[in-house]
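Let us walk through this model together, starting at a ligand and then moving out along the sheets. Keep the viewer open as you read.

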Amino acid sequence: MLDLINKVHDENRQGEAFAPFPVDENHYKKHFYIESYGCSMNFADSEIVASILQDQGFGATRNMEIADLIFINTCSIREKAEQTVRKRLTDFKKLKRARPGLLVGVLGCMAERLKAKFLEEEKLVDMVVGPDAYRTLPGLIEEAETGQKAVNVLLSRDETYADIAPVRLDSNGVSAFVSIMRGCNNMCSFCVVPFTRGRERSRDAESILAECTNLYNDGYKEVTLLGQNVDSYYYVNERSDETVTFASLLEKVAQIGSDLRVRFSTSHPKDITDEVLHIMAKYENICKYIHLPVQSGSSRVLQLMNRTYTREWYMAKVDRIREILPDCGISSDIIAGFCTETVEDHEDTLSIMEYSRYDLSYMFFYSERPGTLAARRYQDDIPLEVKKRRLQEIVDLQGRLSRESNLLDLGKTFTVLAEGPSKKNPADWMGRSSQNKVIVFPKPEGLKKGDYVKVKVTDCTQATLLGRVEE
Ligand code: 5AD
Ligand code: SF4
């Protein structure tokens, strides 16, 4: 069950591991296959990698069997994520033994964390490439083709891949991720991201707007602006001297088209401003949904986590969101069993969940990551069974909160962006409300992907709203 929670996290919010569609397989001499794990940022990065490879004459394929190159874009956030990748590498090893010319490359956070050590640990890996080194992939492939091991894990202070047009892999043609910044400067003590993705840097605003405009012109109806901490987006246009903050960027993207939905993730509670909330209120096409990770409800634990806010500060932020955006969905990330966590600290987490009335949470037990501040400073002293028990209490409470939130929607009508058939029954279609809730409804005649429909909610489960399209 607990294993499932981590998996559900990775699959729900962060998409399933995927391999791209073939892009005219006959057109290319060589083919690459890429699988992605972890956060949305990794999925967006795989689309940049695909673009770089395609420019060099490599075609994407969904079929591992015909691939000349296999890439795995990895995640290090919890130990479990790394174990999943290692298991997958053993599958690739078998393929490699059968086809000696096949090259295997490890990309992303695990490549960065383990660097050349990876080549010792996983003998059949040929390339190890960190998140800021994807432009050097063509050279690294050439090196690996001569039988050498190829490694580039240099982090950069300014790489944003701003000029690279991502190749949309496995896209539904309706929604796309757009990366607006890279790295993180926050140094939350539990988190490995500042070490694997480097310093925070914002991408040139004009290239972001150009990418969103192109998506809109190609028929996309939703963009999600991605960054580890979007509220600290900050860009100065050297030509015009204009300063672009996250609030102004959001406004510019919202102005591209009133039927282009705009979402963003992730917001750090210390950084989200009233200005952002007011821009959200001003534009109907900016979705009323904020992912606002709390991590813990105890001020003492928050301090050890280096989150730089207290329980009271967080609660005031929730109040402010509800005041300016009364119909806003709020979700969270929660960690159970961080170092020194007492029963009282845990109860503070449960009570802040009640207070915030989260529609959804991604819930984990603490997993110590080598090299992080917490690993260096504190003892991972909460026994695993206690972590799991506390996590289960958090999961149970979130189940109740999600159900209660869904019950409040019964009888209401939402504008839903139709994404396609529901997994369970192809006669039903699914889409999302502005608040990011999944709504399933019988497909009316003529409905197409990317259409907006008004759906009246008639029933619900804990995870899904059920409804019917209103005339
Ligand atoms: N252990 C457990 N959960 C973690 N997260 C980040 N690092 C760890 C860790 N070491 C969670 C946080 C973060 C989410 C992406 O993953 O809740 O917000
Ligand atoms: Fe990790 Fe904190 Fe940065 Fe999020 S804000 S990536 S949790 S260091």
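How do the residues of the shell around ligand 2 divide into nonpolar, polar and charged? There are 7 nonpolar, 3 polar and 1 charged, where Ala, Val, Leu, Ile, Met, Phe, Trp, Tyr, Cys and Pro count as nonpolar, Asp, Glu, Lys and Arg as charged, and the others, Gly among them, as polar. Around ligand 2 you will find Cys 184, Asn 186, Met 187, Cys 188, Phe 190, Cys 191, Val 193, Pro 194, Gln 228, His 268 and Arg 307; a residue belongs here if one of its heavy atoms lies within 4 Å of the ligand.

Before going further, a word on conventions: this is a predicted model, in which local features need pLDDT of at least 70 and side-chain atom pairs count only at pLDDT 80 or more, while totals for chains, interfaces and linings use all residues. Residues are numbered from 1 along each chain as its sequence is written, chains are lettered from A and ligands numbered from 1 in the order in which they are written, and side-chain values use heavy atoms, with hydrogens and water left out.

Now turn to ligand 1. Its surroundings are Ile 77, Arg 78, Phe 190, Gln 295, Asp 333, Ile 335, Phe 364, Phe 365, Tyr 366, Ser 367 and Arg 369. By class, this shell has 6 nonpolar, 2 polar and 3 charged residues. Phe 190 is listed around ligand 1 and also around ligand 2. Several polar contacts (pairs of N or O atoms within 3.5 Å; within protein, one must be able to donate a hydrogen and the other to accept it, and residues adjacent in sequence count only if both atoms are side-chain atoms) can be picked out here. The side chain of Gln 295 places an N or O atom 2.6 Å from an oxygen atom of ligand 1. Two backbone partners face nitrogen atoms of the ligand: a polar backbone atom of Phe 190 at 3.0 Å, and a backbone N or O atom of Ser 367 at 2.7 Å. Taken alone, ligand 1 exposes 400 Å², and the protein buries 92% of that (accessible areas come from the Shrake-Rupley method with a 1.4 Å probe; for residues, only the protein chains shown count as cover). Two elements give two or more residues to this shell, namely β15 (329–336) and β16 (360–365); helices (H or I, at least four residues) and strands (E, at least two) are DSSP runs, numbered from the N terminus.

Those strands lead us into a sheet. It is open, has 3 strands in the order β14-β15-β16, and pairs in parallel; two strands pair if DSSP finds at least two bridges between them. At its edges are β14 (289–291) and β16, each pairing on one side only. The twist averages 10° from one strand to the next, with axes being lines fitted to C-alpha atoms, for helices over the stretch in contact, and angles running from 0 to 180 degrees between N-to-C directions. Between β15 and β16 there are 6 bridges, and Ile 335 stands opposite Phe 364 in β16. Helix α15 (residues 384–407) packs on this sheet and touches β15 and β16, its direction making about 175° with that of β16; contact means heavy atoms within 4.5 Å.

Another open sheet has 6 strands in the order β2-β1-β3-β4-β5-β6, with parallel pairing. Because β2 (58–60) and β6 (150–152) stand at the edges with a single partner strand each, one side of each is left without a neighbour in the sheet. Neighbouring strands here are turned by 20° against each other on average, direction ignored. Helix α2 (residues 40–55) lies across β1 (30–36), β2, β3 (69–74) and β4, running at about 170° to β1.

Further along the chain, the pairing turns antiparallel in places. Strand β17 (residues 413–421) is joined to β20 (residues 452–460) by 5 antiparallel bridges, with Phe 414 opposite Val 455. A hairpin of 6 linking residues connects β17 to β18, and another joins β20 to β21 through 4 residues.

One last stop is a backbone detail: Ser 265 and Thr 266 are joined by a cis peptide bond, with omega about 10°. Thr 266 sits in the loop between β13 (261–265) and α10 (274–282).
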